[in-house]
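Subject: Structure handover

Hi,

As promised, here is the structure for you to look through. My notes on what turned up in it follow right after.

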Amino acid sequence: MAPVPPGIRFLASFNRDQWYRAFTFSLTFLLYTSFHLSRKPISIVKVTRVCNIFIYLINYKQLLGAMDYSFLCAYAVGMFLSGIIGERLPIRLYLTFGMLMSGLFTCLFGLGYIYSIHSLGFYIFVQVANGLVQTTGWPSVVTCIGNWFGKGRRGLIMGIWNSHTSVGNILGSLIAGYWVSSNWGLSFIVPGLIIAAMGIICFLFLIEHPNDLRSIHAVQNPQKLTKNWNGTNGHKQLYHSYKQGDKYENWDTELLLPQDNSSVSVPVQQVVVVKSESEPSAISFMGALRIPGVIEFSLCLLFAKLVSYTFLFWLPLYITKTAHLDAKKAGDLSTLFDVGGIVGGILAGVISDKLGKRATTCAVMLLLAAPILYGFSMISEFGLGPTIGMLLVCGGLVNGPYALITTAVAADLGTHKSLKGNARALSTVTAIIDGTGSVGAAIGPLLAGVLSSQGWDQVFYMLMAADFLALLVGADAC
């Protein structure tokens, strides 16, 4: 008999639960990558003043800032409601709806070029509608990934997973940049089609919770099945507990604990337990605010996201004006900021896992970001090499705290000990934190549009002030 190839032995070393966990990790990564991929084109296309739609207006920068603001303001308002709604609906269906509608509105923006639409009201309407439907994404994917992965090494796992933000920005920049000078309508239509296609994949394959999968296996083994109950997220689920030695575990809480190498799919002695009818209800908005740390981290994210999203929407234009590059080259160069963001998010997760101090990690990175932001105001005096280095370092220091708060910190607070085991808080907590951060994301690009007319130095002074405020608020959470 021939020996088993080492690659096959490696694949066979993973049990079924680990394969499903890896599949969910990869799928949610790709789903939210498509969200950011569809947001990025506006920052590339605005380099050409929305390809001369409003070139006849002197204050075109303020108009572009208003278009950014319309999207981000709608996103911020919708986010607070989205988490509450998502806590009470099937995540798969809720997320699918949001992705299909987001694809529609992203395509509509590009169709404005094809049909020569010169109405500012049309583009603002599309931006507002797109901002609202895109709020379905973040609470849904964070809740799903939180259901599948426990607290052990959460910072590292979510730091790697959160790189979808930067990957989406990079792909969005490259796709939009490819058509920006020839047919900018395709810079929106292609990303719109991609996110719509991913919405269909979400509908077909997303597994919201491990219990959903185990209910299928329970149906295939009817001798172990006793009764269904109306579970979370609007559909029926089975919740099993099992006894291993003298220790009882529950499938629902097991996923929130560090995993060992043993397979939880084959318990030693399985006992089917039907939960009582008085299951804990989804947490209220005010109840989520009372969780220790939610307000502090929400305010910290407000200022951190203000800085990050100002770069997201205005960096290509700034590079074009100061480094005198064309739209495509500026878009390509701006992707280095997101490459740095990937490294920064992972590094923040690893450090916070080692130290066990999420707030301290955020504070140190925010402190180091301040001098880099000041250096950006003098980018025109540097050569290409220093500019590339500054983009990478600044991307890591700015996006590191942002990534840590929206993922690991949100998951920690959504399963805080004060909740006494109520697992139906993660989506609401995530929405509150990201919704508050999105207020800053809406304010930053708007202020940048106003201040840039007075000189780019004013924009970077504003960013440094926001970074300092995030540091002060974050220090209170330490």
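Asp353 and Arg358 form a salt bridge through their side chains, with N to O at 3.0 Å. This is a predicted model, by the way, so read everything below in that light. Arg358 also pairs with Asp412, at 2.9 Å from N to O. That second pair joins distant parts of the chain, since Arg358 belongs to helix H17 (residues 358-376) and Asp412 to helix H18 (residues 384-414), 54 residues apart. Put together, Asp353, Arg358 and Asp412 make a network of salt bridges. As for how covered these side chains are, Arg358 counts as buried because its relative accessibility is 14%. Asp353 is partly exposed at 28%, and Asp412 is partly exposed too, with a relative accessible area of 24%.

How many salt bridges does a search of the whole structure find? The answer is three. Besides the pairs above, there is one between Asp434 and Lys305, at 2.7 Å from N to O. Here too distant parts of the chain are linked: Asp434 sits in helix H19 (residues 426-451), Lys305 in helix H15 (residues 294-323), and their positions lie 129 residues apart. Asp434 and Lys305 are both buried. As a general reminder, side chains of opposite charge can pair when their charged atoms come close.

Next, the cysteines. The disulfide count is zero. Why is Cys144 not bonded to Cys202? Cys202 holds the closest cysteine sulfur, but that sulfur is 8.4 Å from the one in Cys144, which is too far for a bond. Cys144 is also buried, at 0% relative accessibility. Cys362 is in no disulfide either; its nearest cysteine sulfur belongs to Cys300 and is 5.7 Å away. With a relative accessibility of 2%, Cys362 is another buried residue.

On the surface, have a look at the nonpolar patch of about 710 Å², made by Phe23, Leu93, Leu100, Ile200, Ile201, Phe203, Leu204 and Phe205. Which helix gives the most to this patch? That is H11, with five residues, while helix H6 (91-114) and H11 each supply at least two. Leu204 is one of the patch residues and is located in helix H11. At 54% relative accessibility, Leu204 counts as exposed.

A few spots around the H6 to H7 stretch are worth opening in the viewer. Ser116 is in the loop between H6 and helix H7 (120-133). Its phi is near 55 degrees, a positive value in a residue other than glycine. For context, most residues other than glycine have a negative phi. Further along, Tyr123 lies in helix H7 and is buried, with a relative accessible area of 0%. The C-alpha atoms of Tyr123 and Gly112 are 7.9 Å apart, with their positions 11 residues apart along the chain.

Thr143 is another residue to click on. It is placed in helix H8 (residues 137-148) and counts as buried, with 5% relative accessible area. Setting aside neighbours within four places in sequence, what does Thr143 touch? Its contacts are Ile91, Leu426 and Ser427.

Now the overall picture. The protein has 20 helices and five strands, and 56% of its 478 residues are buried. Among contacts with a separation of 6 or more, 82% are between residues 24 or more positions apart. The accessible surface is about 19700 Å², and carbon and sulfur atoms account for 68% of that.

Finally, a word on confidence before you lean on any one region. The mean pLDDT of the protein is 79, and 77% of the residues reach 70 or more. Where is confidence lowest, and where is it highest? Helix H13 (residues 251-254) is at the bottom with a mean of 41, and helix H11 (residues 186-205) is at the top with 96. Over residues 224-278 the pLDDT is below 50, though in the model this stretch has 109 contacts beyond near neighbours in sequence. Helix H11 is also the main contributor to the nonpolar patch.

Cheers

Key. Residues numbered from 1 in each chain as written. Predicted model: local features only at pLDDT ≥ 70, side-chain atom pairs only at ≥ 80, totals over all residues. Heavy atoms only, no water. pLDDT = per-residue confidence, 0-100. Helix = DSSP H or I, 4+ residues; strand = E, 2+ residues; numbered from the N terminus. Contact = heavy atoms within 4.5 Å. Disulfide = S-S within 2.5 Å. Buried < 20%, exposed > 50% of the residue type's maximum accessible area, 1.4 Å probe, protein only. Patch = residues over 30% accessible without salt bridge, like charges linked within 9 Å, V, L, I, M, F, W, Y side chains within 5 Å. Areas by Shrake-Rupley, 256 points an atom, 1.4 Å probe, with all protein chains shown as cover. Salt bridge = Lys/Arg side-chain N within 4 Å of Asp/Glu carboxyl O.
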